[in-house]
Amino acid sequence: MKISLQKIYKALFYLLIFINLFFKSIELSLIFGALILFLLLVHPPIKYSLTIIKIVFSLILILIISIFSGVLYSADLYNILKDFGFLFKPILFLLSGYLIINKIEDKNFLFKALIYAAFISAIWHLIGLFFFLINTPFSVTRVRGELGRDNFIELFALALLSVKQTKVFFSSFILRRIKWIRWILIISFVFYFSRTMFISVLLIILAVKGYTKISSKGLLYFSIFSFLIISFLTLLQFFDLNRESEGVEGFFYKIKQAPSEIFQPDLNINIKNHENLWDHWRAYEALKAIDGINSSKYNLGWIFGKGLGAQVDLGFEAPLDGKKFRYIPIIHNGYIFILFKSGILGLTIYLWFLFYIYSQSYKIQLNKKEIFINNLISGIGIFFILTSLIITGIYNKGDVLVFFLGGLFSLQCIYSKNQKKNENRRIRN
């Protein structure tokens, strides 16, 4: 029995998603991503849109700068290869997503696959949660540590199921069960106890509706959103929350500490008690990365970065993931990470990359599908602007949304071409 190419393409699509969701191994992601890209490239070539060329080329430039600057410093081959993997993965996933969706005939497959993958992931998460709670007393920290700290596939699926504009992309199977799927995703979503997910799902919904563009309505919604977030954070400052609480109180404590964790480093390190340091950890490691750049000869680190293989010196052996590390290759703040690896040159390119994605919602759009696709791409741009501040953005080792982003750019190109063809036919008639 012959298996059609269409089924193979769809199977490869799901394979790459589930490898990232369930294994979260950058090595596996790179190996299977490279194999998939190779298989896609050996088939008849396709035309690439100018947009995908621009964004892929910008990420390639960051990688090239990091390789070049790494030559100026001595680093272990293992660390060089590890950094190469971090910087190459988004390039690989963007191209793979673009090519595979271009070759799949069902152009709604991307959205159906997102919902199915999210639903399976949510069911798996809830089953794991059920058995975990049977055997272990409830603890937000332990739940997140054992079952996962976030899931952005579920986040985007929930956002898309919460707006009317997406219904034209879903199968009848999904539409008949949309309420059940949405509730399962909501329950799973809540039990990740992720600050980033709660903020991001609202941003994506606003983006899909077109409310994140700079306009009178956009500014109004942004002001309301910002006011609510700031008010909530301010309100939490009046509560004496216990850091060590095992329940929801501990989660609210982390929300309360979020601004200082990101922006306010703590330099008074107590080697025996790191509690205060963890409340400022993201800011601390970012500051140590900047210290590393300052130590470069002739300040070249500021221009070109310290390159592939460079590691951030924490100044002490920090207990991370059950082990002690003084030197780490990657930090939470994606902007400082890029600055550390590729300097101001690389950071400038990365900022352009993010805002170019965001700007897609401003393109001239002639039909509802184009409007939706461009707004969703713009929303992903906003999402990466946010997550680059707290979990390395597109360079997060478990990120798979950049794969969907490549697919969305493919759909953007296809719908734009179809619209132009229709317009030409009308003119001729």
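**Exercise 1. Determine which hand the crossing of H2 and H4 has, and describe how these two helices pack.**

In this predicted model, the crossing of H2 and H4 is left-handed. Two packed helices are described by the angle between their axes and the distance between the axes, and both values are available for this pair. The axis of helix H2, which covers residues 26–42, comes within 9 Å of the axis of H4, and the two cross at roughly 40°. Angles under 35 degrees would count as roughly parallel and those from 65 to 115 as roughly perpendicular, and H2 and H4 are therefore oblique to each other.

The next step is to list the side of each helix that takes part. From H2 come Ile26, Ser29, Leu30, Gly33, Ala34, Leu37, Leu40 and Leu41, and among their partners in H4 are Gly85, Phe86, Leu92, Phe93, Leu99 and Lys103. Sorted by class, the contact of H2 with H4 holds 13 nonpolar, four polar and two charged residues.

**Exercise 2. Work out how H1 is oriented towards H4, and which residues of H1 and H4 make the contact.**

Helix H1 spans residues 5–22 and helix H4 spans residues 77–103; they pack at an angle of about 150°, and their axes are 10 Å apart. Because an angle over 145 degrees counts as roughly antiparallel, H1 is roughly antiparallel to H4. The crossing in which H1 passes H4 is left-handed.

On the H1 side the contact is made by Gln6, Tyr9, Leu12, Phe13, Leu16 and Asn20, while H4 supplies Lys89, Phe93, Ile100, Ile101 and Lys103. The class count for H1 with H4 is seven nonpolar, two polar and two charged residues.

**Exercise 3. State which residues have the most contacts inside the largest nonpolar core, and which helix gives the most to this core.**

The largest nonpolar core has 114 residues, and those with the most contacts inside it are Phe13 and Phe111. Helix H16, residues 334–358, gives the most to this core, with 13 residues.

To see what surrounds one of these two phenylalanines, take Phe111 and set aside residues up to four places away in sequence: phenylalanine 111 then touches Leu160, Phe169, Phe170, Phe372, Ile373, Leu376, Leu408 and Leu411. A second core of seven residues is separate, and it includes Val140, Phe193, Tyr253 and Ile255.

**Exercise 4. Classify the packing of H7 against H17 by angle, hand and residue class.**

The axes of helix H7 (residues 152–161) and helix H17 (residues 368–390) come within 13 Å of each other and cross at roughly 140°. Since only angles over 145 degrees count as roughly antiparallel, H7 is oblique to H17. The crossing of H7 and H17 is right-handed.

In H7 the participants are Phe152, Phe156 and Leu160, which meet Phe372, Leu376, Ile380 and Phe383 in H17. The class count for H7 with H17 is seven nonpolar residues, with no polar and no charged ones.

**Exercise 5. Decide whether isoleucine 204 is buried or exposed, and name the residues it contacts beyond its sequence neighbours.**

Isoleucine 204 lies in helix H10, residues 195–208. Its relative accessibility is 1%, and because buried means under 20%, isoleucine 204 counts as buried. When neighbours within four places in sequence are left aside, isoleucine 204 is in contact with Leu155, Phe156, Ala159, Leu376, Gly379, Ile380 and Phe383. Of these contacts, Phe156 belongs to H7, and Leu376, Ile380 and Phe383 belong to H17, in the meeting of those two helices.

**Exercise 6. Find where phenylalanine 193 and threonine 392 lie, and say what is notable about the phi of each.**

Most residues other than glycine have a negative phi. Phenylalanine 193, although not a glycine, has a positive phi near 50°, and threonine 392, also not a glycine, has a positive phi of about 75°.

Phenylalanine 193 is placed in the loop between helix H9 (178–190) and H10, whereas threonine 392 is placed in the loop between H17 and helix H18 (401–428). As for accessibility, phenylalanine 193 counts as buried at 8%, and threonine 392 counts as buried at 6%. Phenylalanine 193 is also included in the second, separate core.

How values were computed. Residues are numbered from 1 along each chain as its sequence is written. This is a predicted model: local features need pLDDT of at least 70, side-chain atom pairs count only at pLDDT 80 or more; totals for chains, interfaces and linings use all residues. Side-chain values use heavy atoms; hydrogens and water are left out. A nonpolar core is a set of buried Ala, Val, Leu, Ile, Met, Phe, Trp, Tyr and Cys residues joined through side-chain atoms within 4.5 Å. Buried means under 20% relative accessible area, exposed over 50%, partly exposed in between (1.4 Å probe, protein chains only). Helices (H or I, at least four residues) and strands (E, at least two) are DSSP runs, numbered from the N terminus. Contact means heavy atoms within 4.5 Å. Axes are lines fitted to C-alpha atoms, for helices over the stretch in contact, and angles run from 0 to 180 degrees between N-to-C directions. A crossing is left-handed if the near helix is turned anticlockwise from the far one by less than a right angle, and right-handed if clockwise. Ala, Val, Leu, Ile, Met, Phe, Trp, Tyr, Cys and Pro count as nonpolar, Asp, Glu, Lys and Arg as charged, and the others, Gly among them, as polar.
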